[in-house]
Amino acid sequence: MAPSEPWKSKIETLYKEMYPALYAYALRVLKNSALAEEAIQDAFCIACTKWDQVLSNPKPQGWIMMTLKHVMQNMLRTQQKLRRMLSLSAGEELPAEEPELLDVDLLFGNVSDSEDFQLLKRIALELCTIPELAQELGISVEACKKRVQRARKRLQKKLKI
């Protein structure tokens, strides 16, 4: 069933009302303004695809807040997984005292020249956001998300993680 126009204005109203609080919450958790904005956008994209659930909920603000919480958890989980994937080789742990001395290109020499590796390295270690990457690559945010998703899968397969 195609959504009618009134749901859009209700979601837009929720966005305008909640944005300052959502941004403060996301910034506190993610500690990066671009990631905080991306998380809020992702949460509202989900809300738009599930508009009937949001608007039938007695507390749509709570629904949005919980969705944002889950989006941020996924972002942090993905970021941690990428950092582990790029920081560990054959079970070796990063030296706790000087992690900046680790050369991931040297550590993952067999895959470090790959475009996939460089893409994931930008996200995990340089904390580049998807919108920033998309702009650098000259592609849409959705295309960039898909490229990152495919790169993760290919790199995991190469590294057998």
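## Starting from V54

Let's begin with one residue: at 0% relative accessibility, V54 counts as buried. This is a predicted model, and V54 is a handy way into it. V54 lies in helix α3. Leaving aside neighbours within four places in sequence, V54 is in contact with I11, L14, A47, P60, W63 and I64.

Take I64 from that list. V54 and I64 are ten residues apart along the chain, and 7.6 Å separates their C-alpha atoms. Seen from the other side, and again skipping neighbours within four places in sequence, I64 is in contact with M18, L22, F44, A47 and V54. So what do V54 and I64 belong to? Both are among the residues with the most contacts inside the largest nonpolar core.

## Two nonpolar cores

How many residues does the largest nonpolar core have? It has 22. Besides V54 and I64, the residues with the most contacts inside this core are L22, A39, F44, A47 and L68. Four helices each supply at least two residues of this core: α1 (5-30), α2 (33-49), α3 (51-56) and α4 (60-87). There is also a second, separate core, made of 14 residues, including I123, A124, I130 and A134.

As background, nonpolar side chains in soluble globular proteins tend to be buried together.

## Aromatic rings

The structure holds four aromatic pairs. One of them is W7 with W51, a stacked pair with 5.5 Å from centre to centre and 20 degrees between the planes. This pair links distant parts of the chain, since W7 sits in helix α1 and W51 in helix α3, 44 residues apart. Are these two buried or exposed? Both W7 and W51 are buried.

Now for Y15 and Y19. Their ring centres are 5.4 Å apart and their planes stand at 45 degrees, so this pair is tilted. Y15 and Y19 are four residues apart in helix α1, so about one helical turn separates them. Y15 is partly exposed, with a relative accessible area of 26%, and Y19 is partly exposed too, at 23%. Together with Y23 and F44, Y15 and Y19 form one aromatic cluster. F44 has turned up before: F44 is also one of the residues with the most contacts inside the largest core.

## A charged residue in α2

D42 is found in helix α2. Why does D42 count as buried? Its relative accessible area is 18%, and the cut-off for buried is under 20%. Not counting residues up to four places away in sequence, D42 touches V71 and K145.

## The largest pocket

Rolling a probe the size of a water molecule over the atoms shows where empty space is left. Here, about 740 Å³ of space lies in the largest pocket. How many residues line the largest pocket? The lining has 28 residues, and E38, N74, M75, T78 and R152 lie nearest the pocket's centre.

Helices α2, α4 and α8 (141-159) each supply at least two residues of that lining. Which helix gives the most? That would be α4, with nine residues. As for chemistry, the lining divides into 14 nonpolar, six polar and eight charged residues. Helices α2 and α4 therefore come up twice in this report: each supplies at least two residues of the largest core, and each also supplies at least two residues of the lining of the largest pocket.

Definitions and conventions: Residues numbered from 1 in each chain as written. Predicted model: local features only at pLDDT ≥ 70, side-chain atom pairs only at ≥ 80, totals over all residues. Heavy atoms only, no water. Core = buried A, V, L, I, M, F, W, Y, C linked by side-chain atoms within 4.5 Å. Buried < 20%, exposed > 50% of the residue type's maximum accessible area, 1.4 Å probe, protein only. Contact = heavy atoms within 4.5 Å. 1 Å grid on protein atoms, 1.4 Å probe; cavity = no way out; pocket = protein on both sides within 12 Å on 5 of 7 lines; lining within 4 Å. Points joined across faces, edges and corners; volume = space filled by probe spheres on them. Nonpolar A, V, L, I, M, F, W, Y, C, P; charged D, E, K, R; others polar. Phe/Tyr/Trp six-rings, centres within 6.5 Å; stacked < 30°, edge-to-face > 60°.
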